[in-house]
Amino acid sequence: MCKFYIKGNNRLSGDVNISSAKNSVLPILASTILADGVSVINNAPNIEDVYVLCDVLRSLSAEVTIDKNNNIMIDSKKLSDKNIDNDLIGKMRAAFLVLGPLVARLGKARISLPGGCKIGARPIDLYLKGLKSLGATVKEECGYVEVTATRFVGGTVFLDYPSVGATELLMMAGAIADGTTYIENAAREPEIVDLAMFLKKMGARITGAGTSSIYIKGVKKLSGATYTPMFDRIEAGTMMIAAAMTKGKINIIGVKEEWMKPAIFKLREMGVKINCNGNQMFVDGDVDLRAIDITTMPHPGFPTDLQSQMLSLLCIAEGTSTVKETVFENRFVQVPELRRMGADIKIIDGKVASINGVQKLTGASVAAPDLRAGAGLILAGLGAQGDTEVDNIYFVDRGYVAFEEKLAALGADIERK
Ligand code: UD1
C-alpha cells in the first residue's frame, strides 16, 4: 500500500497545468454508449476512476482504446449487457450513469446500485423518479435496479434537489426520447454544461444547460462525436489552497475565471491575493490569513468537493471560522486526522465545523478517509512544521492526476513510497 511522505513548510512557487475534469469526463464517457458509433474523448485525465469506467464500458462490449496522450476512443456499435460487470458498477457512483444510455439502446437494463466515496447516504431516488417520468418501469431488488423502456417518452421532471448525477442521467435519457423533456430545478454545475456540449456534438437538441431549466427535444438517434472536456475546477481550487497553505506564489494554467468564482471569492475574503488573466490565475498566498465562514451548496455556491481542502487552510487562519456542509452528511471525516496535526476543530451536530486557527500545524501520521479529505490532509502536511505521512492515498489517486508530481514541480517535498 503506497503512502505519501511530506516534509512540510516549503513555499510552493512556479506554474502548474490543470488537467481535464474527472466529473466531466465520467458522465461524458457514460454517454458515449448512447451512440451506435465511435466517439473520441481527448486529453482525458490519467486517473483510476476514468480507467474503471472504461472497464465498465468494455464489459458492455464497447471497444475502448486509450492512446499515449490519453485520448480515449469508444466504439459502442456492438453494445450488449451480456457480460456486464456489476461489481465494477457497484464500486463507483458515476458508473451508474450508464443506466440511462443502456436502457435507451437496449430497452432494458439491470444494474447494481451505486457505490463510491463514503461521504453520505447518496440515494438514487431522484434518478429513478426522473426515469419513471420519462415512461420507464423501475424495479429495485436485492441491491439491483431494473429499468425497462422500449423508448423513453419526453416528460416534465421537477428535481426535489438539484442533483448533478440525476440531471446528467435525465439529459442523456431525454436526448433520445420521443418528444420534449423539461428538467426543472436542474443542477447548474459547469460539468452539466460540458456534458450538454458533448451531447449536442452527438446530435442532441438541448437548451438551458447551466440554468435551473433544461429543455431537451428528443431525436431518433445520436452519432459518435469527438470532444475535449473542460478543466478540473476542483483540482484548480486545490492548487489555489495549496499556495495559500504554504505562503507560496503559483500560476495556475488552463482555467476559466467564471467557473472558479466561489473559490476566488472565499480565498480573497481570507486575504489571499488572486489575479486572473485569460486562462491563468496567479495566486499569492504570502499573506496573513483571516478566519471566514463557508457554507457548501450546489453551484454557484461553494463546492462541497473543495470543503475538505478549505477546512485544512482554515486551521491556520487567525480567528474562528465555521464550515457548514449542506450537500453530504458525512464530510468531516478528516477532522480527527487534522486534530492529530494540532488543529483545534469542534463539530456541531455533525453539520458545522467550528475552527479556531492555530499558528502552525505539526506533521503527523494520518490516513486519507476519502478522495477530497485525503487531498485536504496532503495540503495540511505541505503547510505543517515537520514530517507528515499520509496513508490510503489510493483514494487521492482516484481523482487527481499526478498529484505529487505536480506539487513536487512547484517545490513541495513529497514522495510516494
Ligand atoms: C457529483 C460529483 C461529486 C460532487 C457532487 C456535488 C461526479 C462524478 N461527482 O456527485 O464529486 O461532490 O456532484 O457537487 O460528478 N441525492 C439524493 N437523491 C438522489 C441523488 C442525490 O438525495 O437521487 C442527494 C445526495 O445524497 C447528496 C446530494 O443529493 O446529498 C447531492 O448529490 P449529487 O448532486 O447527485 O452528487 P453526485 O452526482 O453523486
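Let me begin with Lys247, which is partly exposed in this predicted model, with a relative accessible area of 31%. Lys247 sits in the loop that joins helix 8 to strand 14, the latter spanning residues 249–253. Its phi is near 55 degrees, a positive value in a residue other than glycine. As background, most residues other than glycine have a negative phi.

Lys247 also leads us to the second largest pocket, since the residues closest to the centre of that pocket are Lys247, Val287, Asp288, Ile316 and Gln359. The pocket holds about 430 Å³ of space, and 21 residues line it. Helix 8 and helix 12 are the elements that give two or more residues to this lining. By class, the lining of the second largest pocket has eight nonpolar, seven polar and six charged residues.

I turn next to the largest pocket. Its volume is about 1,100 Å³. The lining comprises 49 residues, and those nearest the centre are Arg93, Arg122, Val164, Gly165 and Phe328. Two or more residues of the lining come from each of helix 1 (22–31), helix 5, helix 6, helix 8 and helix 12 (371–383). Which element gives the most to the lining of the largest pocket? Helix 1 does, with four residues. For those considering the chemical character of this site, the lining of the largest pocket has 23 nonpolar, nine polar and 17 charged residues.

Now to the enclosed space. Rolling a probe the size of a water molecule over the atoms shows where empty space is left. How many cavities of 30 Å³ or more does a search of the whole structure find? The search finds three. The largest cavity has a volume of about 40 Å³, and its lining is made up of Arg233, Ile234, Trp259, Met260, Pro262, Ala263, Pro303 and Leu306. Helix 8 (233–245) and helix 9 (261–269) are the elements that give two or more residues to that lining. The largest cavity is lined by seven nonpolar residues, no polar residues and one charged residue.

Helix 5, which I mentioned with the largest pocket, covers residues 125–133. Its buried residues are Leu126, Tyr127, Leu128, Gly130 and Leu131. These buried residues pack against two helices and three strands: helix 4 (99–106), helix 6 (164–175), strand 7 (137–141), strand 8 (144–148) and strand 9 (156–158). Just after helix 5, Gly135 takes a positive phi of about 90 degrees.

Two further backbone features deserve attention. The first concerns Asn70, in the loop between strand 4 (63–66) and strand 5 (72–75). Phi of Asn70 is near 60 degrees, again a positive value in a residue other than glycine. Is Asn70 buried or exposed? Asn70 is buried, because its relative accessible area is 11%, under the 20% limit. The second concerns the peptide bond from His299 to Pro300, which is cis, with omega near 10 degrees. Pro300 belongs to the loop between strand 17 (293–295) and helix 10 (307–314). In general, most peptide bonds are trans.

Let me now consider two residues within strands. Phe4, in strand 1 (residues 4–7), is buried, with a relative accessible area of 0%. Phe4 and Ile378 are 374 residues apart along the chain, yet their C-alpha atoms are separated by 8.1 Å. Leaving aside neighbours within four places in sequence, Phe4 is in contact with residues including Ile378, Thr388, Val390, Ile393 and Ile414. Among the others that Phe4 contacts are Glu389, Glu404, Glu415 and Arg416.

Ser321, in strand 18 (residues 320–324), likewise has a relative accessible area of 0% and is buried. What does the side chain of Ser321 reach? It reaches the backbone nitrogen of Ile292, at 3.1 Å. Not counting residues up to four places away in sequence, Ser321 touches Ala291, Ile292, Asp293, Leu314, Ala353, Ser354 and Ile355.

I close with the cysteines Cys276 and Cys315. Cys276 is partly exposed, with a relative accessible area of 21%, whereas Cys315 is buried at 0% relative accessibility. The structure holds zero disulfides.

Key. Residues are numbered from 1 along each chain as its sequence is written. This is a predicted model: local features need pLDDT of at least 70, side-chain atom pairs count only at pLDDT 80 or more; totals for chains, interfaces and linings use all residues. Side-chain values use heavy atoms; hydrogens and water are left out. Buried means under 20% relative accessible area, exposed over 50%, partly exposed in between (1.4 Å probe, protein chains only). Contact means heavy atoms within 4.5 Å. A polar contact is a pair of N or O atoms within 3.5 Å; within protein, one must be able to donate a hydrogen and the other to accept it, and residues adjacent in sequence count only if both atoms are side-chain atoms. A disulfide is a pair of cysteine sulfur atoms within 2.5 Å. On a 1 Å grid over the protein atoms alone, a cavity is a set of points where a 1.4 Å probe fits but cannot get out, and a pocket is an open set with protein on both sides within 12 Å along at least five of seven lines; lining residues have an atom within 4 Å of a point. Grid points are joined across faces, edges and corners, and a volume is the space filled by probe spheres set on the points. Ala, Val, Leu, Ile, Met, Phe, Trp, Tyr, Cys and Pro count as nonpolar, Asp, Glu, Lys and Arg as charged, and the others, Gly among them, as polar.
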